[in-house]
Amino acid sequence: MNTKTPVILSLVVGCLATFASETNPVANDLRIRPCKANPWYWQYEGKPVMLLGGSKDDNLFQIPDLKEHLDEMAKAGANYIRNTMSDRPDKGFEVYPFKRLSNGKYDLEQWNNEYWKRFANMLTWTHERGIIVQIEVWDRFDYSRENWEKHPYNPANNVNYSYEASGFAPRYPDHPGQNKQPFFFTTPRQRNNALVLKYQQRFVDEMLRYSLPHPHVLYCIDNETSGEEEWAVYWAEFIRERARAIGVDVFVTEMWDDWNLRGPQHKRTFDHPERFDFVDVSQNNHQKGQQHWDNFQWAKNYLSQRPRPINTVKTYGADGGRFGTNRDGLERWWRHLIGGAAAVRFHRPDSGLGFSEPAAASIRSARKALSRVKLWEMTPAMELLREREDNEAYVTARPGEAYVLYFPNGGAVQLDLSKVSGRYELEWIDVSTSQSREGGAIAGGAMAAIKAPGAGHWVAVILKAK
């Protein structure tokens with residue numbers, strides 16, 4: 001190891017500690033963290049919280065109308081965003097984190113203050129609105145194809161290192177899922193590229209300088225990665241070490257690219273709660289119908305010995321996109337919600353519904369249901385449904401007290417209330433409009449026929465009468 005490394009680390013930790021003391025980090029019990037009452041869910045400011053989201057971009061801190069967008073989300077009841085630290089110039093308003101010199105090249109030793117100002121604003125404005133931020137530190141799409149040719153980390157574009165010294169090539173034309181970019185092999189247990197790793201560390205340290213004092217931030221290492229396990233483990237520990245230095249708790253995960261939750265990539269997270277404090281299974285959203293539900297329930301069962309929050313920060317599916325239709329997106333979001341996910345968010349257009357009206361209506365409808373029941377006190381209970389076809393209806397329950405059913409497209413099922421007594425009241429919520437209507441009384445002690453009022457997405461809330 002370079003003999004300067006301990007000195008550099010001590011200086012960085014000292015800077016973080018100074019910054020944290022100046023910004024007064026919130027006490028750990030009030031920060032976002034797994035819920036003490038039910039570790040499948042989150043708590044914030046000491047209370048259980050259900051995270052619901054949908055937004056129009058991934059690197060949300062870069063959009064020019066961020067404050068207005070956050071206001072729209074908060075008004076609908078959204079309290080969860082995805083924020084990649086991405087800088088690829090997709091739409092023209094994005095900036096890089098590094099200073100551009102008069103010769104047109106970037107200096108990786110100097111910051112572009114505009115980038116970090118945008119990031120700081122996002123953290124402040126989301127905190128003010130009670131919106132939880134899930135940061136993705138690295139996005140593989142930033143460093144491949146046409147994005148690499150422009151990027152400051154490309155030796156052609158900076159004054160800090162050459163192709164020969166860095167081990168980089170001028171082009172990486174393959175899909176980043178092929179994992180051929182040396183950028184993701186720099187850590188000591190991989191190729192130990194100390195030259196590039198120094199600048200990666202510097203970037204993450206600057207990010208953490210802003211984010212660690214805030215109580216409403218979760219961390220995900222990568223966007224849908226096919227990378228080596230050692231890369232994720234290194235950065236998870238790096239973030240945790242910086243947090244320990246200033247006495248705050250952080251919660252970290254990785255998002256693997258495998259669409260099959262039973263695949264070996266996901267075991268890297270599932271089997272290591274000491275490394276990854278929660279789980280993100282966004283790639284399950286490539287599945288449809290009953291299989292989508294069954295895979296998620298398999299994952300919950302696999303994790304049941306050490307329950308952790310399961311987030312789905314990217315729900316795919318939107319008309320005109322590549323990963324399904326509007327219907328697919330809505331169904332996936334609701335199945336995960338009813339199935340016990342701690343956080344559900346619509347992916348940005350056109351791969352998801354973003355914060356379109358159908359997405360906003362779902363968030364409003366979910367908040368209406370949550371005003372009647374506490375999902376963190378309920379458990380999926382498909383054994384209570386009879387006369388059900390695949391993907392016809394889903395239920396979570398607190399037997400004898402409360403039941404919530406989701407119908408993707410109308411339908412009718414029998415709900416087994418034979419083992420409970422008393423009288424229950426049924427309320428229907430039309431997901432498309434967020435309007436509710438009374439469904440009448442239901443008697444316990446028998447099977448109850450539950451029929452949706454019509455086609456489309458419906459939620460039934462059944463509560464024991466007072």
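This section describes selected helices, strands, pockets and cavities of a predicted model.

The parallel sheet is considered first. Four strands form an open sheet in the order 4-13-12-11, and their pairing is parallel. Strand 4 and strand 11 (279-280) stand at the edges with a single partner strand each, so that one side of each has no neighbour in the sheet. Strand 11 is joined to strand 12 (residues 310-315) by two bridges in the parallel sense, and within this pair valine 279 stands opposite isoleucine 310 of strand 12.

Helix 11 lies across strand 4 and strand 13 of this sheet, running at about 165° to strand 4. Helix 11 comprises 14 residues (residues 357-370), which at 1.5 Å a residue should span 20 Å; the end C-alpha atoms are 20 Å apart, in agreement with that expectation. The buried residues of helix 11 are Ala359, Ala360, Ala361, Ser362, Ile363, Ser365, Ala366, Ala369 and Leu370. These buried residues pack against both helices and strands: helix 2 (66-76) and helix 10 (326-339), together with strand 4 (51-54), strand 13 (343-346), strand 19 (423-430) and strand 22 (458-464).

Strand 22, one of the elements in contact with the buried residues of helix 11, is itself mostly covered, with five of its seven residues buried. Strand 22 runs antiparallel to strand 17 (residues 402-407), to which six bridges join it. Strand 19 is likewise antiparallel to strand 22, and seven bridges join these two strands. Valine 461 of strand 22 takes part in both pairings: valine 404 stands opposite valine 461, and valine 461 is also the bridge partner of glutamate 427.

Helix 7 was examined in the same terms. For its 18 residues (residues 229-246), a rise of 1.5 Å a residue predicts a span of 26 Å, and the end C-alpha atoms are 27 Å apart, which agrees. The buried residues of helix 7 are Trp231, Ala232, Tyr234, Trp235, Ala236, Phe238, Ile239, Arg240, Arg242, Ala243 and Ile246. Glycine 247 follows helix 7 and has a positive phi, near 80°.

Several of the buried residues of helix 7 are also found in the surroundings of threonine 187, which is located in the loop between helix 5 (163-166) and helix 6 (194-211). Threonine 187 has a relative accessibility of 0% and therefore counts as buried. Beyond residues up to four places away in sequence, threonine 187 touches Asn192, Leu197, Glu230, Trp231, Tyr234 and Trp235. Aspartate 350 is separated from threonine 187 by 163 residues in sequence and by 34 Å in space, C-alpha to C-alpha.

Empty space in the model was then analysed. Rolling a probe the size of a water molecule over the atoms shows where such space is left. A search of the whole structure finds three cavities of 30 Å³ or more. The largest cavity holds about 90 Å³ of space. It is lined by 13 residues, of which Arg140, Pro176, Asn179, Phe184 and Thr225 are the closest to its centre.

Among the pockets, the second largest has a volume of about 710 Å³. Its lining consists of 34 residues, and Arg88, Phe141, Glu224, Arg322 and Arg348 lie nearest the centre. Strand 5 (80-84) and helix 4 (145-150) are the elements that give two or more residues to this lining. Helix 4 gives the most, with three residues.

Terms used. Residues are numbered from 1 along each chain as its sequence is written. This is a predicted model: local features need pLDDT of at least 70, side-chain atom pairs count only at pLDDT 80 or more; totals for chains, interfaces and linings use all residues. Side-chain values use heavy atoms; hydrogens and water are left out. The expected span of a helix is 1.5 Å times one less than its number of residues. Buried means under 20% relative accessible area, exposed over 50%, partly exposed in between (1.4 Å probe, protein chains only). Contact means heavy atoms within 4.5 Å. Two strands pair if DSSP finds at least two bridges between them. Axes are lines fitted to C-alpha atoms, for helices over the stretch in contact, and angles run from 0 to 180 degrees between N-to-C directions. On a 1 Å grid over the protein atoms alone, a cavity is a set of points where a 1.4 Å probe fits but cannot get out, and a pocket is an open set with protein on both sides within 12 Å along at least five of seven lines; lining residues have an atom within 4 Å of a point. Grid points are joined across faces, edges and corners, and a volume is the space filled by probe spheres set on the points.
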